[in-house]
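Ready for some practice in reading a protein structure? Work through the exercises below, and try each task yourself before you look at its solution.

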Amino acid sequence: PDRKRKRISASLENNDDSHNEIDGSFTSHGTTTRRNVAASGLLNRPAPIPRPETPEIDMSKVSQTLKSKNITPSSLRFGFLGLGIMGCGIVKNLINSGHKVVVWNRTFTKCRTFAEAGAQVGDTPSDVVDATDITFSCVADPQAAKDMVFGNCGVLQASSVSEGKGYVEMTGIDSKTSTDIADAIVSKGGRYLEAQIQGSKAQAEEGTLIILAAGERLLFEECQTCFEAIGKNSFFLGDVGNASRMNLVLQMIAGISLAGLSESMALAERAGLQTKDVLEVLELTNMASPLILEKGHAMTKGEYPTHHPLTHMQKDLHLALRMSETLEQSLPITASANEVFKHAKRLGYSDHDASAVYVRAEILTLDVTKGDA
């Protein structure tokens with residue numbers, strides 16, 4: 001959009017005369033080579049576009065999808081660790097479908113909204129396990145997932161794990177991390193299921209996620225009413241690790257698609273085309289998909305409210321590349337997409353939506369434009 005282009009262009013123009021830290025020279029962009037323009041441009045980026053605040057979840061609003069499901073809730077008690085972007089929507093639908101839920105979050109204030117809606121609040125992850133039959137975990141990354149289990153006051157310190165308590169890992173992790181957690185839980189007498197989720201904040205709140213599960217089949221069956229409340233389909237994929245692998249393969253497709261979309265939209269702008277026109281035509285083709293259209297509209301508006309954090313997308317691409325190393329599978333396109341998202345993180349867009357990867361392509365386009373001037 002013209003407004004966004006002018007803002008970024010103005011910021012770059014204000015830095016026309018700059019000290020080049022690559023070779024120590026003082027240069028003017030209008031008279032130097034394109035190489036020096038690009039080098040100084042990397043050092044003089046405009047401030048990141050502000051990230052729209054994520055509104056507090058409205059517990060009183062029940063999704064139409066959930067209303068249509070007519071779920072009879074399980075009589076078991078369920079714990080939930082992590083009330084982030086995905087966790088909030090998931091717990092909301094568990095409560096609104098009549099399940100008994102005990103929650104915990106590192107930032108305690110996030111628990112208040114759910115407590116007011118009828119959930120109990122545990123002081124620590126181990127307390128949640130002791131108070132429930134099955135505990136779900138949905139945190140940021142593999143390290144956070146391990147901290148929930150092995151850390152101080154973590155799941156393994158719960159006195160009742162040995163009583164066959166169920167633990168369901170929903171965090172986006174690699175198969176090795178999942179296997180390590182499973183081995184630890186089972187060795188203590190507990191039961192384990194990985195339940196990777198496909199979808200974004202909107203799907204979590206609407207109750208239309210896809211659940212990819214692997215591990216103990218009986219535990220999968222015991223979680224069915226929960227999966228019905230939060231998703232539109234669930235799949236059991238066998239042994240621990242299979243769900244994590246499947247999730248990373250799907251995330252590869254999403255990440256590569258967004259990286260390609262961002263460069264295509266930036267090229268359209270460079271060629272003098274309106275990105276909204278590109279999307280209007282794209283919507284009529286067989287390339288159209290909810291992901292492409294949703295993220296494309298975010299790119300066109302220049303607003304990136306977080307539905308799926310950019311840093312999580314880059315994390316998944318990185319984990320997919322690690323998996324490929326163990327299998328000696330070449331993934332050159334995934335490696336390139338990973339670098340694209342890493343660059344966007346360095347520009348300050350880690351916590352924005354994954355669609356903010358477009359800003360990186362747009363800035364590079366503007367650098368080339370100034371080089372042509």
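## Salt bridges

The structure, which is a predicted model, holds 12 salt bridges. Side chains of opposite charge can pair when their charged atoms come close.

**Exercise 1.** Find out how Arg217 and Glu221 are placed in helix 10, and how far apart the N and O atoms of their salt bridge are.

*Solution.*
- Step 1: Look at the helix. Helix 10 covers residues 217–222, and Arg217 and Glu221 are four residues apart in it, so about one helical turn separates them.
- Step 2: Look at the side chains. Those of Arg217 and Glu221 meet in a salt bridge, with 3.2 Å from N to O.
- Step 3: Check the surroundings. Arg217 has 46% relative accessibility and is partly exposed; Glu221, with 40%, is partly exposed as well.

**Exercise 2.** For the salt bridge between Glu294 and Lys295, decide whether Lys295 is buried or exposed.

*Solution.*
- Step 1: Locate the contact. The side chains of Glu294 and Lys295 meet at 3.4 Å, N to O.
- Step 2: Recall the cut-off. Buried means under 20% relative accessible area.
- Step 3: Apply the cut-off. Lys295 has a relative accessibility of 4%, so Lys295 is buried. Glu294, at 32%, counts as partly exposed.

## Strands side by side

**Exercise 3.** Describe how strand 9 is paired with strand 8 and with strand 10, and follow Leu212 across both pairings.

*Solution.*
- Step 1: Start with strand 8 (residues 191–198). Six bridges join it to strand 9, and the two run antiparallel. Here Gln196 stands opposite Leu212.
- Step 2: Turn to strand 10 (residues 231–236). Five bridges join it to strand 9, and this pair runs parallel. In strand 10, Phe235 stands opposite Leu212.
- Step 3: Ask how covered strand 9 (residues 209–215) is. Five of its seven residues are buried, and the strand is mostly covered.

**Exercise 4.** Why can strand 3 be called largely enclosed, and which residue is the bridge partner of Phe80?

*Solution.*
- Step 1: Count the buried residues. In strand 3 (residues 77–81) they are four of the five, so the strand is largely enclosed by the rest of the structure.
- Step 2: Find the neighbour. Strand 3 pairs with strand 4 (residues 100–104) in the parallel sense, over five bridges.
- Step 3: Pick out the partner. Phe80 is matched with Val103 in strand 4.

## Loops and the surface

**Exercise 5.** Look at the phi angles of Cys153 and Glu328, and say where these residues sit.

*Solution.*
- Step 1: Recall the usual case. Most residues other than glycine have a negative phi.
- Step 2: Read the angles. Cys153 has a positive phi of about 60 degrees, and Glu328 has a positive phi of about 55 degrees.
- Step 3: Place the residues. Cys153 lies in the loop between helix 7 and strand 7, while Glu328 lies in the loop between helix 15 (310–327) and helix 16 (332–346).
- Step 4: Add accessibility. Cys153 is partly exposed at 27%, whereas Glu328 is exposed at 76%.

**Exercise 6.** Which residues gather in a patch of negative charge on the surface, and where is Glu163 found?

*Solution.*
- Step 1: Name the members. The patch brings together Asp123, Asp127, Asp130 and Glu163.
- Step 2: Place Glu163. It belongs to the loop between helix 7 (142–150) and strand 7 (166–169).
- Step 3: Check its exposure. Exposed means over 50% relative accessible area, and Glu163 has 61%, so Glu163 is exposed.

Conventions
Residues are numbered from 1 along each chain as its sequence is written. This is a predicted model: local features need pLDDT of at least 70, side-chain atom pairs count only at pLDDT 80 or more; totals for chains, interfaces and linings use all residues. Side-chain values use heavy atoms; hydrogens and water are left out. Patches are made of residues with over 30% relative accessible area and no salt bridge: like charges are joined within 9 Å, nonpolar side chains (Val, Leu, Ile, Met, Phe, Trp, Tyr) within 5 Å. Accessible areas come from the Shrake-Rupley method with a 1.4 Å probe; for residues, only the protein chains shown count as cover. A salt bridge is a side-chain nitrogen of Lys or Arg within 4 Å of a carboxyl oxygen of Asp or Glu. Lys and Arg count as positive and Asp and Glu as negative; His and the chain ends are not counted. The place of a charge is taken as NZ of Lys, CZ of Arg, CG of Asp or CD of Glu. Buried means under 20% relative accessible area, exposed over 50%, partly exposed in between (1.4 Å probe, protein chains only). Two strands pair if DSSP finds at least two bridges between them.
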